[in-house]
Amino acid sequence: MSTAARLRGADFDAMAEQGAFSLLPPMKIELIHGELRFMNPAGPIHDGEIEFLTDWSYENTNRDQIAIRVQCAIVCGDHRPEPDLVWFRKSVSRRMRPNQDDILLLIEIADSSLKPDLGEKAFLYAEHGVVEYWVVDVLGSRLHVHRNPDAGLYRSIEILSGPQCVSPLSEPKAKLSLNALFELDS
């Protein structure tokens, strides 16, 4: 008989601070539902989308009010996911992880992780009140826009494609062209 150990967020944080993961090969490790999740290495398409969205984010945010982090852990209760891109209130100390109350926009790039990003991660972020969550469906050339979290679900989900533009709730003037995101002909 074996028993799985469940970690709390504070346990994970302490382990990371004490170097518990330092002997492992370099990789992303998330804490989701008390379990350590080891993430697949990103490929060139995933990296390219992150680069595009990072550039777009820096060009379209008020940097005095909004901070941006790329592939860094956030705090959602006892969970420590590492989304691809996060916009959060600038008031958070650089020495702390932003938590669900600080987050303005969270983006995941899904070239091989569409099912968990639209399932488990969407439920996790909605449960913790993340106000806006986007999933970039690379293979389908679609953007899944989740808004209005309530009782563990997003009440508004739009699937956008083609020559459309979308703006984050926190920066309505920031227009993201899906043609540009997915390198589609205009």
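**View 1. Leucine 24 and a nonpolar surface patch.** Leucine 24 is partly exposed, because its relative accessible area is 36%, between the 20% and 50% cut-offs. This is a predicted model. Leucine 24 sits in the loop that links helix H1 (9-17) to strand S1 (29-32). Together with Met27 and Phe38, Leu24 makes up a nonpolar patch on the surface. The accessible area of the three residues together is about 270 Å².

**View 2. The hairpin of S1 and S2.** Strands S1 and S2 (residues 35-38) run antiparallel and are joined by four bridges. Isoleucine 32 has glutamate 35, in S2, as its bridge partner. Two residues lie between the strands of this hairpin. Histidine 33 takes a positive phi there, near 50°.

**View 3. The largest nonpolar core.** This core has 23 residues. Those with the most contacts inside the core are Leu53, Trp87, Ile107, Trp134, Val136, Leu143 and Leu176. Two or more residues come from each of helix H2 (44-59), strand S3 (66-70), strand S4 (85-89), strand S5 (103-110), strand S6 (132-137), strand S7 (142-150) and helix H5 (178-181). S5 gives the most, with four residues. Another core, of 18 residues, lies apart from this one. Its members include Ile74, Val92, Leu106 and Val130. In soluble globular proteins, nonpolar side chains tend to be buried together.

**View 4. Around leucine 143.** Residues up to four places away in sequence are not counted here. Leucine 143 touches Trp134, Val135 and Val136. Leucine 143 also touches Glu158, Ile159 and Leu160. The other residues it touches are Val166, Leu176, Leu178 and Phe182.

**View 5. Helix H4 and its cover.** H4 spans residues 120-127 and holds alanine 126. Lys121, Ala122, Leu124, Tyr125 and Ala126 are buried in this helix. The cover over the buried residues of H4 includes S1, S5, helix H3 (114-118), S6, S7 and strand S8 (153-161). Just after H4, glycine 129 takes a positive phi of about 75°.

**View 6. Alanine 126 up close.** Is alanine 126 buried or exposed? Alanine 126 is buried, because its relative accessible area is 5%, under the 20% cut-off. Leaving aside neighbours within four places in sequence, its contacts are Pro149, Gly152, Leu153 and Tyr154. Glutamate 59 is 67 residues from alanine 126 in sequence. In space, the two are 27 Å apart, C-alpha to C-alpha.

Notes
Residues numbered from 1 in each chain as written. Predicted model: local features only at pLDDT ≥ 70, side-chain atom pairs only at ≥ 80, totals over all residues. Heavy atoms only, no water. Core = buried A, V, L, I, M, F, W, Y, C linked by side-chain atoms within 4.5 Å. Buried < 20%, exposed > 50% of the residue type's maximum accessible area, 1.4 Å probe, protein only. Contact = heavy atoms within 4.5 Å. Patch = residues over 30% accessible without salt bridge, like charges linked within 9 Å, V, L, I, M, F, W, Y side chains within 5 Å. Areas by Shrake-Rupley, 256 points an atom, 1.4 Å probe, with all protein chains shown as cover. Salt bridge = Lys/Arg side-chain N within 4 Å of Asp/Glu carboxyl O. Pairing = 2+ DSSP bridges.
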